[in-house]
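Biologist: I would like to learn how to read cysteines and helices in a model. Could you walk me through them?

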Amino acid sequence: MSKNWLISRRTVLRGLGASVALPLLEQMIPTRALAASLKPKAPVRMGFIYTPNGAIMSDWKPTKVGKDFDLPPTLQALAKVKDRITVVTGLGHENGKSGRDGAGDHARANATFLTGARPYKTAGADIHLGVSVDQFAAQQIGDNTRLPSLELTCDKGRSAGACDSGYSCAYQMNLSWRTDTTPVPAEYDPAQVFNRLFGSGDMSPAGRAARLARRKSVLDLVAEDAKQLQAKLGKNDQRKLDEYTTSVREIEKRIEKARLDAQQAAASNQKGPELVRPEGVPKEASAHLRLMYDLMVLAYQTDQTRIVTFMTAHDGSNRNFPEIGVTEGHHELSHHRNETPKIDALKKIDRFYHQQLAYFLEKMKATPEGDSNLLDNSMIVFGSSLSDANRHQHDDLPIIVAGRAGGAINSGRHLQLKSTPMCNLYLQILDIAGVKADRFGDSTGRLSLT
Amino acid sequence: MLHRCLAAAIALCAVGAFMPSLAPAAPAAGKPDATVRGLDERYESEIKPLFKQYCYACHGEGKSKGKFAMDHFEKLSELQSKPEKWHKALENLRDHTMPPEEKPQPTQQQMAAMMTWIADVLNAAHRNATPDPGRVTIRRLNRTEYNNTIRDLLGVNTKPASRFPTDDSGYGFDNIADVLSMSPLLAEKYVAAAEEILETAIVLPKPIEVEKAFYNGSTLRAKGEPAIKSNKINNTLIASGKSVGVVHSFKYTGDYQITVRGNVQDNGGKIGKGQVKVAGKELGVFEFKDSQTTIQKRIHVDAGNQSITVNFWGDSKAPESRKLSIRSVSIEGPYNPVPPPLPESHKKIFAFAPKSKDDDRNAARQNLQRFATRAFRRPVTSQEVDRLMKLYDTAKTQDVPMEQAMKLPLTAVLVSPHFLFRIESDEGADAKGIRTLNDYELATRLSYFLWSSMPDDELFKLAESKELHKDDVLIAQVKRMIKDSKATALTSNFAGQWLELRALEDISPDTEKFKQFDDGLRHSMRREVEMLFEHIVKEDRSILEFISSDYTFVNNRLAKLYGMKNVDSSEFQRVSTAGTPRGGVITSAAILTLTSNPTRTSPVKRGVYVLDQILGVPPPTPPAGVPPLPEGKTAEATGSVRQRLTAHQQDPNCSVCHRRLDPIGFALENFDAIGRWREKEGEFPIDASGNLPDGSKFNGPDGLKKLLISRKDQVARAIAERMLTYALGRGIEYYDRAAVDIIAGNIAKNDYRFSALVAEIVKSDPFRKRRVSTKRGES
């Protein structure tokens with residue numbers, strides 16, 4: 001057998017001394033040696049990418065349905081991966097609508113996107129939403145990888161003032177929720193993401209092993225602290241302490257995994273692709289977004305996690321984009337009142353976000369995995385939780401599902417639905433990933449993607 | 001932000017009791033009950049029929065949707081004994097979420113009547129109720145508090161929390177207990193941060209070894225001229241009257257042995273004298289012979305870069321004829337070294353030194369006990385120390401020094417819930433379930449309120465001696481703390497959020513239109529308001545100076561923006577605002593900019609800012625699902641901002657709210673989107689006059705400020721509520737009203753001084769007590 005055709009399961013990140021695993025795939029094993037039925041299957045990766053403030057639908061929504069769908073101006077950027085995407089129209093979030101809760105559509109848009117749940121209207125006390133689809137999956141299948149899930153954001157968060165119309169900022173700044181009451185914060189700094197994925201500090205096998213042992217003993221002790229404290233606290237206090245205890249347990253598990261990883265790494269001494277640790281947060285939106293997308297690809301490729309959630313900006317974000325000549329804020333523009341200059345600026349922003357997506361998807365496609373590629377083994381949900389942001393519409397959302405999920409998705413189509421809960425899509429995605437659920441959020445059934 | 005108000009919204013804006021144009025969110029407390037016409041009588045004649053008509057379909061006559069029936073009381077006192085649901089009902093009416101959109105809607109007057117009546121009933125109730133100090137959930141340190149606490153606990157100023165995820169906020173602040181959550185990501189970061197912090201803080205003992213250094217021709221330099229090297233053996237030659245030297249880095253203070261080898265080169269065989277100096281001190285004057293001479297002597301040298309020089313006295317008459325050839329200068333040491341001073345951070349941990357070689361464990365225990373007490377902000381139990389010592393014992397082996405082994409239990413302290421959360425006990429409540437905080441808890445609340453950090457030694461001492469809770473001691477401490485440099489935390493954290501100054505960082509005015517806007521100007525804008533705030537704090541000025549002050553602080557950038565002359569320096573200076581429209585926060589460039597859109601002003605945003613931040617009456621939330629304005633309103637697309645908004649006001653659905661919001665913003669229209677004064681907006685002259693529906697008229701920024709000052713009690717109350725929210729880390733609830741009444745009243749009695757605001761908050765029940773019973777339905 002040809003030697004250079006075989007690649008090592010371990011990949012050493014040069015310059016760091018850190019090593020990471022590539023998923024065990026047929027590419028590492030001579031195909032002839034295996035019967036087709038015994039071929040290990042690549043894991044299916046899951047991704048959720050959020051863009052704020054809806055889209056100008058006239059430039060987004062294909063007019064033709066099925067395989068023969070067209071790419072309107074905003075979707076033009078995705079031409080190179082057209083056969084790998086599924087454009088889904090007609091999905092919505094009923095719980096994003098005002099119902100009895102009055103104003104606050106941006107907070108609700110953000111909150112419902114991955115949960116399908118109605119946020120309880122409060123500025124602080126009693127925040128209550130629902131578990132998000134990524135965390136729901138992570139809780140069942142996250143154990144397969146060192147990090148159950150990875151949360152990223154290009155939004156620094158609000159630095160002052162209240163958020164949308166009486167909703168706590170927690171609803172508007174987080175997509176992922178671990179429990180009904182606990183949001184999962186996301187990483188904003190690419191360098192920090194890199195460190196989380198590949199480590200920092202003394203990364204020699206001995207150094208890592210010693211550190212992990214030390215951490216374990218510390219966590220054992222503080223878990224005991226928390227346990228003793230628990231009995232003395234009131235209800236809300238206990239909830240907070242539960243968050244603490246769960247977090248500590250979670251990282252204890254990760255430490256154990258990391259310990260095993262470190263042992264394997266110590267046994268290997270292969271050279272692999274060179275990775276460069278990013279330096280802080282770039283000022284330009286495109287550079288920041290692309291770095292995050294790069295890290296997503298890396299995280300999937302090295303199988304550090306199979307679930308990534310990425311918020312490009314929170315709903316209601318008023319970011320402007322000087323690099324594409326848009327100086328007005330996104331949110332202000334989104335209330336365009338049908339004024340042409342504003343709509344034109346919004347279209348530019350929409351195209352911008354889709355261009356960055358194209359960069360990511362093309363990179364995924366260019367990353368081989370076995371005799372396939374990363375994109376074909378993934379299912380990436382990309383979209384906004386509003387369609388027409390001018391009127392705060394929570395239905396007929398602009399949603400793209402990219403990737404083929406290892407063959408489970410018949411991509412290259414425009415799927416036109418009639419008012420279907422977004423959660424029906426999620427239920428199907430969970431199913432493909434092997435996550436057991438009878439229903440999710442306000443789902444009414446499974447959305448077939450084949 | 002133009003909203004099309006739905007019919008339901010109109011009622012809210014019209015409700016007299018809640019927004020008589022700009023009045024506080026509730027009738028002024030303390031008003032004699034006489035002003036409240038018989039509540040029972042009103043209920044029967046006026047209110048009950050309205051409830052029946054609009055609410056009973058879901059909340060009465062046997063129906064109790066959301067477990068709320070509005071006819072479920074015999075007497076008013078019954079209603080008053082369960083006020084929570086009624087407060088919620090009031091809120092729902094105010095936010096026009098009830099009655100639901102699809103149900104018949106009351107008229108403005110009917111809505112007003114219902115809301116006023118409910119408010120009156122609840123007000124009457126709260127005057128009679130048992131005071132409830134509320135209950136704060138255990139509070140995780142936010143990023144700022146973590147950084148500051150690490151700074152004060154360990155003297156490490158590396159701001160490790162800057163790598164933590166952003167804290168969520170609620171009620172406009174990022175220190176709200178219920179919203180500060182915990183995640184595996186954060187837990188991971190806490191562990192890593194603790195390790196790094198201790199790595200920086202602790203200096204491991206290192207044996208000081210004697211080292212040798214050697215200099216010769218290639219390294220010795222003749223003063224002021226290049227070294228002259230003899231060809232053969234790399235010697236350095238110096239003429240009479242000249243000198244040669246080298247700068248050596250002495251690692252430690254101690255005694256060093258200095259050796260100089262050399263010989264005199266002369267036509268005859270003569271002797272020459274050489275003076276050797278080390279660190280400016282004379283080592284001695286030595287005789288060099290024409291044969292190889294070695295001189296050697298010890299001298300005490302301080303650590304650092306020090307010079308060693310050899311001056312050759314030789315023959316001053318014929319300097320070139322007699323030279324000194326130096327073969328080498330060598331340094332050996334230190335002997336009897338003085339160990340270098342330990343950094344502050346190290347001393348903060350290792351306050352107790354082992355008394356003997358076998359005393360390591362004892363010292364470790366004492367140090368752990370002391371450290372954990374400061375970190376947990378309360379005395380630790382011996383069991384707690386025992387458990388920490390187990391970690392110490394795990395880490396301490398033969399070849400691991402005590403200092404190194406301590407890192408493990410210290411990491412556990414910094415990751416413990418007792419450090420990361422501020423925990424208050426529930427033990428020892430009175431019969432009504434109310435507990436007064438102990439002195440340690442009080443010290444902690446106080447220091448995180450005023451310093452965003454842990455208590456200092458003085459507060460700890462007063463907690464230990466149980467004196468802090470005494471009013472005079474407490475107030476003296478408040479005064480001391482406000483003067484302390486750590487009180488700048490109040491500026492960056494309280495003012496930064498209350499006045500939304502932090503948001504200035506996220507604002508990006510269109511630099512095509514506003515060419516002079518850059519980060520320097522952005523920073524100057526923010527600094528002006530911060531300095532105004534600091535000045536009011538430090539000089540204990542009236543809080544009304546936030547509205548209107550006859551001075552402000554500018555540097556050359558701001559002075560240029562403001563059109564002020566004679567300020568050339570980039571340093572800030574205090575200037576008079578006489579004859580200018582400046583002074584106070586709402587006419588500062590910072591606030592004017594952050595309430596603008598990137599390309600133009602937004603009178604609506606400015607109006608909202610004044611109502612919310614300054615007057616404490618945030619306008620009702622705009623109705624949901626804002627439909628677009630009907631097309632064809634040409635004034636929308638052309639005309640001045642004011643004209644466009646006014647056209648929008650003519651829509652009766654919008655006017656009720658916007659007639660109150662917009663005039664405030666119009667009064668500030670002379671300021672452009674980065675706060676510059678202007679007489680015209682493009683081709684349109686500015687009209688800065690305004691009148692509110694209650695008939696009050698004002699013109700321009702001065703008029704607006706006068707109007708606000710005339711409502712100074714409302715302004716004071718609004719600030720008090722914001723500051724109380726920040727101090728407590730929870731939202732203000734209906735049961736806090738009694739406390740807010742007292743605070744606001746006493747601020748007025750003390751000439752609105754800043755110190756009175758802080759002192760009254762600190763003395764208030766919500767700050768000093770907590771509810772422990774779950775009677776009120778623990779929220």
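Biologist: Let's begin with disulfides. How many does the structure hold over all chains?

Modeller: A disulfide is a covalent bond between the sulfur atoms of two cysteines. This is a predicted model, and over all its chains there is 1 disulfide. The bond links C163(A) with C169(A), with an S to S distance of 2.2 Å.

Biologist: What can I say about the link of C163(A) and C169(A): is it right-handed or left-handed?

Modeller: The angle about the S-S bond is 105°, and the link of C163(A) and C169(A) is right-handed. As for their surroundings, C163(A) and C169(A) are both buried. C154(A), by contrast, is in no disulfide: the nearest cysteine sulfur belongs to C163(A) and is 18 Å away. C154(A) is also buried, with 4% relative accessible area.

Biologist: Now to chain B. Why is there no bond between C55(B) and C58(B)?

Modeller: Check the distance against the cut-off: the two sulfur atoms must be within 2.5 Å to count as a disulfide. The closest cysteine sulfur to that of C55(B) is in C58(B), 9.0 Å away, so it is too far for a bond. With a relative accessible area of 12%, C55(B) is buried, because buried means under 20%.

Biologist: And helices? How many residues of helix α26 of chain B are buried?

Modeller: In general, an α-helix has 3.6 residues a turn, so residues three or four places apart point the same way. In helix α26 of chain B, residues 700-709, 7 of the 10 residues are buried, so the helix is largely enclosed by the rest of the structure. Among the buried residues of α26(B) are G700(B), L704(B) and L708(B).

Definitions and conventions
Residues numbered from 1 in each chain as written. Chains lettered and ligands numbered in written order. Predicted model: local features only at pLDDT ≥ 70, side-chain atom pairs only at ≥ 80, totals over all residues. Heavy atoms only, no water. Buried < 20%, exposed > 50% of the residue type's maximum accessible area, 1.4 Å probe, protein only. Helix = DSSP H or I, 4+ residues; strand = E, 2+ residues; numbered from the N terminus.
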